[in-house]
Each structure stands twice: as structure tokens, then as C-alpha cells.
Amino acid sequence: MKCRAGELLREEKTERMTKLYGCKALEAMQSEAALLLLDHFPWFRRAGLKSFFDGQAGNCSRELNDNAADRILVKDRRGRHEADEIMRFEEIVDDAEFMLSRKMNFGGIEPEPVWERAEARIPDKLFLGTDRVHAEARMAWYAYLGRRAVRVWIASGTLALLDMKYPSGRRRFPISKIERDFTLPLADFMSGWIERFIGGQDRGRTAEQHGRLRRLREEYDVDLTPVSEQEREELEAGQIETVAKPFRADPPTSIREAPEAFRRILDDVRNGRGVGIFTGKR
């Protein structure tokens, strides 16, 4: 499934839509995370959510940057060779997911049960009607990008909460509370969201997102910045061109720097949106 997913996402028309898929998933996850924190952690109602989102983005960007090696070798049916840009993307994000999961485990929350609950369970028989092509593209996006993105985001957010401490050095929130009231509920939410997303229930999911944003505004006076409407319209209309560029190795440098694809990802993350992780911008 993973190999076929990669092939599908290389097709220009499908690849053009993956940014839209990623933006929608990110918006849903961010809004649900904000509600979980405000509903269950009263401290954020007084202090605001900025410290959380800064910590989440920082954890994510650090791992991507630390794993952005200048040269990556892979071994497959062609033997051992240098990875192209798509392979580098896979290797770097896989490494980031592994490191974040390990840190979460060291912090006291076992990642595997969380990932099991975050995993979307697609029915064997899915009624697709005339939307079969869209559903296949969505399943490909989830297999190739979405699953990794969900894990990286949840792990980064969990670590942001685990890292919050009082001046004395004691954790601000108990480990059990973080797991019970944030990590596991967010995993459950995303598995259900992905399942509905692949099933094509767009109108219902849009209404759900509006409801979450309305709750944040009316109950907590919090506004989350959405993807610009202009960008969304252009994506849905297929007006944004994507041009596949040949891989070019970065020249040697004395300072290890993330390759261009991941610098764009890191820029998105630092801006508080994290869209690059979901979109697979290359």
C-alpha cells in the first residue's frame, strides 16, 4: 500500500490535492487539541495557548532539522544508492517520528497504544459511488503522508505538555492527565476524522470544524488562523500548478542545514501552522 501510495502521489493531479488534504487535517487536529486543552487544563484559560503551540512546533521542527542529513543512502532492489528527494522525505520524517515517539516513551507515555488508537480503520467494503477516484487519492495520502503527520503532531504536542514545568522543576501537568485528557482523546479524534474524510463526508466534516471554531470563539475567546480562503479555492479549483523538479544534491557546507523541501516545512511549522508536514511539499 505504501509503495502504491507513493506512486499515486507522484501523479500531478493527485499531488496537487495533497496540500488541501493536509491543510484540512491540520485544521481539524489543531482545533480539537485547543478544545481539549481548554476543556481539561484550566491553566491554559488563564495563560493562553501560545506556549503549547510554540512548544509543539519547536519539537517538530527540531526533529526534522536534526534528521535532515545532507546525504542519505538507501538499499532496495537496485542495491545501495543515494536517496532521491522523495526517499529523503520518507527517511527524515520516519526518523523524526521514531525520535519523537522515543522521547514520549521516556517521558512516561507509551506510544504504541496511542498509535493504535490513532490508526484509521477503513472498512473492507466502502461505498464510494462516483467518488472512487477521490477516495483512492485520500487513502493514498493517508498511507503515504497522513499517518506519519498525525503521529508526529500528536507526539510533538504531548512532549510540549510534558516539558511544561514550574520554576521548581516539577511538571506542571501529571503524566496520567496528559495521556488521559489530551493524547489519547486526540488520537481517537484523528482516527475518526480520517475515516470520515476517506469516506467523503465533506459537508459533515466542514460543519464539525465550524462548530469547533465557534466553540473556541464563543466559550474561550480563541481564534485559530485557518488556511486562507483564496488558497483553499485555488486548490479546490486545481489552479495551483505543481512542477516536479529533479533531485539535486546540496553542495557541501560547514553548517548542516535542512534541504530545501524541509526548510519550507520548518518555515510553516515555525509560523504556527505546520502545514508542510501534511502536504509533502517537495
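**A walk through the salt bridges**

Let's start at D223, an exposed residue whose relative accessible area is 60%. Its value sits above the cut-off, since exposed means over 50%. The model you are looking at is a predicted one, so please read each value here as computed from that prediction. D223 has a charged partner in R217: their side chains form a salt bridge, with N to O at 4.0 Å. R217 itself is partly exposed, at 39% relative accessible area. Elsewhere, salt bridges with shared partners connect E97, E119, R147 and R151 into one network.

Now let's step back to the overall fold. The protein has 12 helices and 2 strands. Following the chain, you meet four helices, then the two strands, and then eight more helices, in the order α-α-α-α-β-β-α-α-α-α-α-α-α-α. The protein has 282 residues, and 48% of them count as buried. What share of the contacts with a separation of 6 or more comes from residues 24 or more positions apart? The share is 76%. As for the surface, the protein exposes about 14,900 Å², and 49% of that is supplied by carbon and sulfur atoms.

With that picture in mind, we can return to the charged side chains. Side chains of opposite charge can pair when their charged atoms come close. Across the whole structure, a search finds 15 salt bridges. One of them joins E63 and K103, with N to O at 2.5 Å. Because E63 belongs to helix α4 (residues 50-66) and K103 to helix α5 (residues 85-106), this pair ties together parts that are 40 residues apart in sequence. Is E63 buried or exposed? E63 counts as buried, at 4% relative accessibility. K103, on the other hand, is partly exposed, with a relative accessible area of 37%.

A further salt bridge is worth finding in your viewer: D202 pairs with R138, and their closest N and O atoms are 2.9 Å apart. This pair links distant parts of the chain, 64 residues apart, with D202 in helix α9 (residues 202-220) and R138 in helix α7 (residues 132-162). How do the two residues fare for accessibility? D202 counts as partly exposed, at 27% relative accessibility. R138 is buried, because its relative accessible area is 9% and buried means under 20%. In this bridge the arginine is the buried partner, whereas in the E63 and K103 bridge the buried residue is the glutamate.

Key. Residues numbered from 1 in each chain as written. Predicted model: local features only at pLDDT ≥ 70, side-chain atom pairs only at ≥ 80, totals over all residues. Heavy atoms only, no water. Buried < 20%, exposed > 50% of the residue type's maximum accessible area, 1.4 Å probe, protein only. Contact = heavy atoms within 4.5 Å. Areas by Shrake-Rupley, 256 points an atom, 1.4 Å probe, with all protein chains shown as cover.
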